[in-house]
Amino acid sequence: MEVCSQAEPIRPGKEASREETSCCQKRSKAASQEETCGAQNSPNQHPGPGLADQKEDAEIGVKLQIAWIGKTKELAIRALTEEYLKRIARYVGAESHEMNSEPALLDLAAGTTGRTAPVLILLDARGRQFTSEEFASLLRDQQDRGTQNLFFAVGPADGFSDKARGAADLILSFGKMTLAHELARVVLLEQIYRAFTILKGHPYHTGH
């Protein structure tokens with residue numbers, strides 16, 4: 001970088017050279033522009049802290065696929081579904097699927113590709129019952145196993161067929177009482193959210 005020498009002090013009765021002063025000002029301005037440009041294009045510059053790490057974190061770990069059969073008629077059920085999906089997304093990637101039929105749901109689960117085979121969990125009254133802590137351990141185990149796509153499926157009002165239950169990796173029950181299938185979906189989503197708060201030590205589960 002070229003450095004402009006300091007002009008000779010102006011003595012009484014003597015004017016400084018206009019050409020010399022003009023030259024110094026131009027060189028100083030050019031040097032300032034060069035430094036600014038260099039700072040903008042420096043190869044050592046990096047994007048804001050954590051942006052790359054945040055993207056990488058979002059692509060790692062299990063991804064939840066929550067599917068159900070039939071259109072949602074109740075606005076309250078829709079609102080609760082969206083609310084819990086939003087809460088779950090704080091901890092893990094999640095997608096929801098509203099399917100027209102059981103075969104379409106099974107095809108979706110079987111056709112999902114990834115590093116690992118998808119794991120299908122059906123919600124059915126004849127399934128296995130868990131405490132909230134045991135359910136949280138189930139999710140942690142799937143994460144530890146490196147499962148990429150974990151499917152939770154809620155059937156129609158009359159439940160899943162024998163074929164669907166046979167294709168499942170696990171059948172999950174919330175108890176012997178019968179729940180409306182739309183309400184069962186909300187309970188499932190709330191329990192998934194609760195499970196992740198348990199794993200993260202959040203006070204939601206204990207009510208503190």
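Accessible areas were obtained by the Shrake-Rupley method with a 1.4 Å probe, and for residues only the protein chains shown count as cover. On this basis the accessible surface of the protein comes to about 13900 Å², of which 51% belongs to carbon and sulfur atoms. The model is a predicted one, in which local features need pLDDT of at least 70 and side-chain atom pairs count only at pLDDT 80 or more, whereas totals for chains, interfaces and linings use all residues. Residues are numbered from 1 along each chain as its sequence is written, and side-chain values use heavy atoms, with hydrogens and water left out.

The protein has seven helices and five strands, taken as DSSP runs (helices H or I, at least four residues; strands E, at least two) numbered from the N terminus, and from that terminus the elements run α-α-β-α-β-α-β-α-β-α-β-α. Of the 208 residues, 31% are buried (under 20% relative accessible area, with a 1.4 Å probe and protein chains only).

Helix H7 comprises 19 residues, 181-199, and its end C-alpha atoms lie 27 Å apart, in agreement with the 27 Å expected at 1.5 Å a residue, the expected span being 1.5 Å times one less than the number of residues. Of these 19 residues 14 are buried, and the helix is followed by Gly 201, whose phi is positive, near 75°.

Val 154, in strand E4 (residues 149-154), is buried, with a relative accessible area of 4%. With residues up to four places away in sequence not counted, Val 154 touches residues including Leu 105, Phe 160, His 181, Arg 185 and Leu 188 (contact meaning heavy atoms within 4.5 Å). Val 154 and Ala 184, 30 residues apart in sequence, are 7.5 Å apart in space, C-alpha to C-alpha.

Note on methods: Buried means under 20% relative accessible area, exposed over 50%, partly exposed in between (1.4 Å probe, protein chains only).
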